[in-house]
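This report examines selected features of the structure shown below. It covers cavities, the nonpolar core, an annotated domain and the cysteines.

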Amino acid sequence: MTSLIPILTLLIFLPLCGALLVFALRRSDAAVRGVALAFTLAELALCLWPLALTGEKAAGAPAGFFLYQDAAWIERFGIRYTLGMDGISLVMTILTAFITLIAVLSAWQVKERAGLFFALLLALQGAVQGLFLSLDLFLFYLFWEAMLIPMLLLIGVWGSGRPVYSTIKFFLYTFVGSLLMLLAIIALYLMHGAQTTNYTFALPELVRTTIPYDIGLWLFAAFLLSFAIKFPLFPLHTWQPDAYCDAPVAGTLMLGSLLSKTAAYGLIRIAFPLFPEASRALTPLIFVVAVLGIGYFAWIAFAQRDMKRMLAYSSVSHMGFVALGIAAWSPVAVSGALLQMVNHAVTTGALFVVVGMLEERADSRDLSSYGGTWGKIPVFSFFFLVFNMASAGVPGLNNFVSELIILVGTFRVAPLAAAIAFLGTILTLVYTVRLVQEVVFGKEKTPLELKDLSLREAGVLAVLALVVVALGVHPGPVLELFKAPLEVLVRP
Amino acid sequence: MTLVDLYSIMPIVITACAALFVLLCGPVLLSASLTAIGVTASAAAGVWAALSTPTSTQAVAGLAFTPLARFLIPLFCSAAAITLLLSHSYNERRGIKGEEFPATVLFALFATCVLPCATNMLILFLALESVSFAFYILVSMDLNRAESGEAGLKYLLLGAVAAAFTAFGFALLFTGSGTLQLSGALARPDNRAIISAGWGVILVGMAFKLSLVPGHLWTPDVYQGAPAPVSAFLSTSSKVAAAALLLMLLALFPPMQELRVPLAALSVLSMVLGNLAALKQQNIKRMLAYSSVAHMGYLTLALLSGSRDGYAAVLLYGAVYTAMNLAAFGAISSLSVEQERELITDYAGLGFAAPLRGGVLALAMISLAGIPPAAGFIGKFFIFYAAIKGGAISLAIIGILSAAASAYFYLRVVAQLYMHRGQVPAPKPVSLAEGIALCCASLSILVIGVYPGPLLGAIEAALH
């Protein structure tokens, strides 16, 4: 039965159809929200379905893939519409569906041009899903670029502060990197074609290309640059605080929780397997920027008074762990990095949502405006505390597990990098504790009329908190899903 | 001449007859019916060309319905039809009256249709100059605006110089090869120097026609001064016609070695200077003019690879560029009120005030910037593919970096459309003709962007 229903295509096109429908219904806000919610829920359900199929093997698929779809597309260049799902893609698609659902719920209050807003959110979701499922490099690139337009508009139209400046800065940074990656993709395609006379963009084929060392270095550098900008890795991060801060909450959520993951996914799925030699040669560099990122961004986060900006830096700091795990490139470290991608998306996403809720109430993101919320809005403060504890790496909550796995995995390969990264976690603790201390406890600085969470808000946060605890206590099933694909991808 | 011969050049006959008919019967017919006649004739000619099979035999002296013509004539016809659809309401708003406008558009179409059919250098030259001649008139058509006349004069003066260069180049090619026939004109080794000299002089003329740096100086003034529908037609058909002429000559006199350096220089200068100059423009038509310079630089990049891939990329880019620029100038034309909206800031908030036209303009900008799923991405992909395959890697890197910078000025327009609010005059409701034209242009942008297979097949056939 599963071979009859093209689940993978549906995963991409369901949100796109939803986007069109939402846009068509834009005259009525209620209809827009309802339809958007229905489509995101349907998408999540559709993502969960393949969980039952993980044991199977799809016909014609490369090793490790249990869903596979392949059709000719642009035959002149050997470009194919090839989609595949293995454990890694499965987890990423579920994550995408989940985060988009949260984004839709947290954008419930958007009144201005709500139709376009939700249509863009859904279109963005479709592009991200496509990216996580593509097995054709051209198709991957297409989705990689197609994500930019909805994001550009989400920040620019509904942002605050200096939205146009931030969104164009974000766009130009990522666009420069992507275009260089496009050249590298074409060069790789031509090299593979010349060697085998089979001109194709199929990833499993391209992996077998023999690439001279020096050319490989240049090509890998182009891929790395493109992914490092979106990641973002130090020192290519300067677009990130502006974009995160000026975006609307749902936009920040998509940007911080999903788009940064597409870059990490690209490194794991594409850049490292394609260029094993070149990636090994540049590993020390990635270790340095990852460790620098963890410490430096944590330190800068400590200096921020604007909560959203603090979270933006905290977000990159945590992404440093993902980079660390990928650079170590052992099965343990990479599975830790993948888990950290999930945890980061959930925890940081949740933090952006709670800060967004606070801002909605008091119209300020400045730390100095708040204090003593525990006594006034206890439900909110409880969730605020939980997510911050998760972010700080408290045992029992999700980030602790993945960061520990990454540190253990990295320690075997690069003990020094692991040791310094561990020190970085202490800095994380410092700024998180201060944030919690000033906002939740502390004394009230300015008298504010604060309302506690509505049922919708409490529901959103409760779901997020449940996931945070579940992943912290029982991450086994997720790690199990990564095992089979990583055996193929990571050959130490 | 047999009936079969007549059938094969029927598109040319249709356009010529329609032009004459419009000119002769114009005074007694309504202007709407003139536009309708023009659109019908262009569509008929295009469909006829697309459905007939190309031959290499000459239908009449100097003309044959070649495979290249089978690809290009429908392209030119759709550009002319869209221009006519756009110009009707534009001309009404602007007080441009009379049958000479649709007639001149049809004459220009006639000349562009002759060009790819030419089998003789003389016909080729005459066709090229007839295209320019029609455009000199079209550019200066708006009598109420002084800029229009100024632009026409500028174009005419520089165009005359370029025509002289091109004619001299053809003369040198004739001296070198001994024949005006394109099919028999193979370079004799002892005349290589003369042929190369001829190529050099033709390149000067073509640099002007394609607005390649340093022959681009007329472009911003003419695009700015001309009525917007004319700019749409000028920036697409005349450019593609000039590129087609280069392709036809390159296929016959292929001394690529000597041409590589000058073509590379023209390409790099146009890509870099065109994009840099466009960054600073406040006027949207000047910005599009400099962007046109840069895009012709990309086209030259594909041309200089000298391979079949490169030529296919040129044709694809020609088609894609036609769709994008028709959409961009079409939206500008349709959004104009009593005055045209000159500045980019005049478009503030129009994405919401005029959703269709704002959307079309934004799509055109996204496509010009080369972002998928718009067609511009496939065009750029093919160009850079051909360049890398041809070994021009450093040029490709320069080109792609300049393309990255170009995203800035295209996005500025998108930002104005959707992210700014301003006191701008409210747009008039979109007329049916404009709506059809804009939908056709933007649909082709999307379709080529997502499913370019059939178009690529047609291009393969055209290069046969």
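## Cavities

Helices are DSSP runs of H or I with at least four residues, numbered from the N terminus. The model is predicted. The count of cavities of 30 Å³ or more comes to five, and the largest cavity holds about 70 Å³ of space.

Thirteen residues would be a bare tally without their positions: among the 13 residues that line the largest cavity, B:Val240, B:Ala243, B:Leu299, B:Val314 and B:Gly318 lie nearest its centre. In chain B, helices α10 (228-252), α12 (284-303) and α13 each supply at least two residues of this lining. The largest share, six residues, comes from α10(B).

## Nonpolar core

The largest nonpolar core has 385 residues, of which A:Phe223 and A:Phe387 touch the most other members. Helix α13 (residues 308-335) of chain B gives this core its largest share, 19 residues. Helix α13 of chain B also supplies at least two residues to the lining of the largest cavity.

Leaving aside residues up to four places away in sequence, A:Phe387 is in contact with A:Thr347, A:Ala350, A:Leu351 and A:Val354, and also with A:Leu461, A:Leu464, A:Ala465 and A:Val468.

## Annotated domain in chain A

An unreviewed UniProt entry lists residues 134-428 of chain A as "domain: NADH:quinone oxidoreductase/Mrp antiporter transmembrane". Over residues 134-428, chain A is 82% helix and 0% strand. The end C-alpha atoms of this stretch are 35 Å apart.

## Surroundings of A:Ile294

A:Ile294 lies in helix α12 of chain A, which covers residues 276-303. A:Ile294 counts as buried because its relative accessibility is 0%, below the 20% limit for that class. With residues up to four places away in sequence not counted, A:Ile294 touches A:Ser317, A:Gly320, A:Phe321, A:Ala421 and A:Gly424.

A:Ile294 and A:Tyr81 are separated by 213 residues in sequence, and their C-alpha atoms are 38 Å apart in space.

## Cysteines

How many disulfides does a search of the whole structure find? Over all chains, the search finds zero. B:Cys77 is in no disulfide, and the nearest cysteine sulfur, that of B:Cys113, is 4.3 Å away. B:Cys113 is likewise in no disulfide, its nearest cysteine sulfur being that of B:Cys77. The pair does not qualify because a disulfide requires sulfur atoms within 2.5 Å.

Both residues are buried: B:Cys77 has a relative accessible area of 2%, and B:Cys113 has a relative accessibility of 0%.

Methods: Residues numbered from 1 in each chain as written. Chains lettered and ligands numbered in written order. Predicted model: local features only at pLDDT ≥ 70, side-chain atom pairs only at ≥ 80, totals over all residues. Heavy atoms only, no water. Buried < 20%, exposed > 50% of the residue type's maximum accessible area, 1.4 Å probe, protein only. UniProt positions renumbered as here; feature names shortened; annotations may be inferred. Core = buried A, V, L, I, M, F, W, Y, C linked by side-chain atoms within 4.5 Å. Contact = heavy atoms within 4.5 Å. 1 Å grid on protein atoms, 1.4 Å probe; cavity = no way out; pocket = protein on both sides within 12 Å on 5 of 7 lines; lining within 4 Å. Points joined across faces, edges and corners; volume = space filled by probe spheres on them.
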